[in-house]
Structures are given as structure tokens and as C-alpha cells.
Amino acid sequence: MFLEVSGELKLGILGFAAPYGNPFRLNKIGSAAIITIEKINAEQIITNETLTYVVLDDGCSAKKGLDRVVTGSRTYKVSAFVGPACSVVAEVIGLLTSQWN
């Protein structure tokens, strides 16, 4: 299956800089997402486009996570987000995006 899009398609990778050993730390989740993005680009699954990304540390905080999503959307022109790892961030982002056009 191939997806055709026009313009840049940028992903925002949300996570938090947790202590080593935490399975949801940003460098672990971010690394997996980046490997996947590179594979999508190499196999040209999205035709005529290159998938790009920006990594955003939400600090496992609702306030900081909300700021990162708004900043990612407005400043970095993120088309879609992967994450977050924390439910407190997921809840507030879910409420925001349910009303966001």
C-alpha cells in the first residue's frame, strides 16, 4: 500500500527524558520512530515525499506536553504526532485535538 501526499509530511515525536531503565524514555521510543521513518523513506512508501521529524520532550507534564504540541504544530509545521508516553500528556492532548481543526 502506498500513500500519495503533496507538500512536506513532518512527524512530531513526543516523549520524555526519563532515567535510564525506563522503557518509555524518549531516546528509546525516539530511536524506534526514527528507524521506522528512515525505512519508510528508503522504501518510498510515501510517494514523491520525504517523511521528516522533530523530537519534542514533553517532560511527562500536561502543561509542557500541551506546549510542545502547539509549538510543534505552529512553529515546526508538524502534520502528525507519535506519542506521548505518559497518560497525563495524552489526556490533555486528546482534549485539545478533539476540538482542533
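Which loop does Pro84 lie in? Pro84 sits in the loop between strand 5 and helix 3, and the views below show what else this predicted model has to offer.

**View 1. The whole chain brings together 3 helices and 5 strands.** Start at the N terminus and the elements come in the order β-β-α-β-β-α-β-α. The radius of gyration is 14 Å, close to the 13 Å from the globule rule for 101 residues, so the chain is as compact as a globular protein of that length. Along its principal axes, the C-alpha trace spans about 35 × 35 × 25 Å. If you look at contacts between residues at least 6 apart in sequence, 72% of them join residues at least 24 apart. Buried residues account for 28% of the 101 residues. The chain exposes about 6,500 Å², and carbon and sulfur atoms supply 56% of that area.

**View 2. A disulfide joins Cys60 to Cys86.** A search of the whole structure turns up 1 disulfide, and here it is, with an S to S distance of 1.9 Å. The pair links distant parts of the chain, 26 residues apart. Cys60 belongs to the loop between strand 4 (51-57) and helix 2 (62-74), while Cys86 belongs to the loop between strand 5 (80-82) and helix 3 (87-99). Turn to the S-S bond itself and you find -115 degrees about it, which makes the link left-handed. Are the two cysteines buried or exposed? Cys60 has 30% relative accessibility, so it counts as partly exposed. Cys86, on the other hand, has a relative accessible area of 8%, so it is buried.

**View 3. The largest nonpolar core has 10 residues.** Cys86 turns up again here, as one of the core residues. Its companions in the core are Leu14, Phe16, Ala18, Val54, Leu56, Val69, Val78, Val89 and Ile93. Which elements give two or more residues to this core? They are strand 4 and helix 3. Apart from this core lies another one, made of 8 residues. Leu9, Ala33, Ile34 and Leu51 are among them.

**View 4. The peptide bond from Gly83 to Pro84 is cis.** Here we are back at the proline from the opening question. Omega for this bond is near 5 degrees. It's worth a pause, because most peptide bonds are trans. Pro84 shares its setting with a cysteine from View 2: the loop between strand 5 and helix 3 holds Pro84, and Cys86 is in that loop too.

**View 5. Gln44 has a positive phi although it is not a glycine.** The value is about 50 degrees. Why stop to look at a phi like that? Most residues other than glycine have a negative phi. Gln44 is found in the loop between helix 1 (26-42) and strand 3 (46-47). With a relative accessible area of 56%, over the 50% cut-off, Gln44 is exposed.

**View 6. Asn48 also has a positive phi.** Asn48 is a residue other than glycine, and its phi is near 65 degrees. To find Asn48, go to the loop between strand 3 and strand 4. Is Asn48 buried or exposed? Its relative accessible area is 71%, so Asn48 is exposed.

How values were computed: Residues are numbered from 1 along each chain as its sequence is written. This is a predicted model: local features need pLDDT of at least 70, side-chain atom pairs count only at pLDDT 80 or more; totals for chains, interfaces and linings use all residues. Side-chain values use heavy atoms; hydrogens and water are left out. A disulfide is a pair of cysteine sulfur atoms within 2.5 Å. Helices (H or I, at least four residues) and strands (E, at least two) are DSSP runs, numbered from the N terminus. Buried means under 20% relative accessible area, exposed over 50%, partly exposed in between (1.4 Å probe, protein chains only). A nonpolar core is a set of buried Ala, Val, Leu, Ile, Met, Phe, Trp, Tyr and Cys residues joined through side-chain atoms within 4.5 Å. The radius of gyration is taken over C-alpha atoms; the globule rule is 2.2 Å times the number of residues to the power 0.38. Contact means heavy atoms within 4.5 Å. Accessible areas come from the Shrake-Rupley method with a 1.4 Å probe; for residues, only the protein chains shown count as cover.
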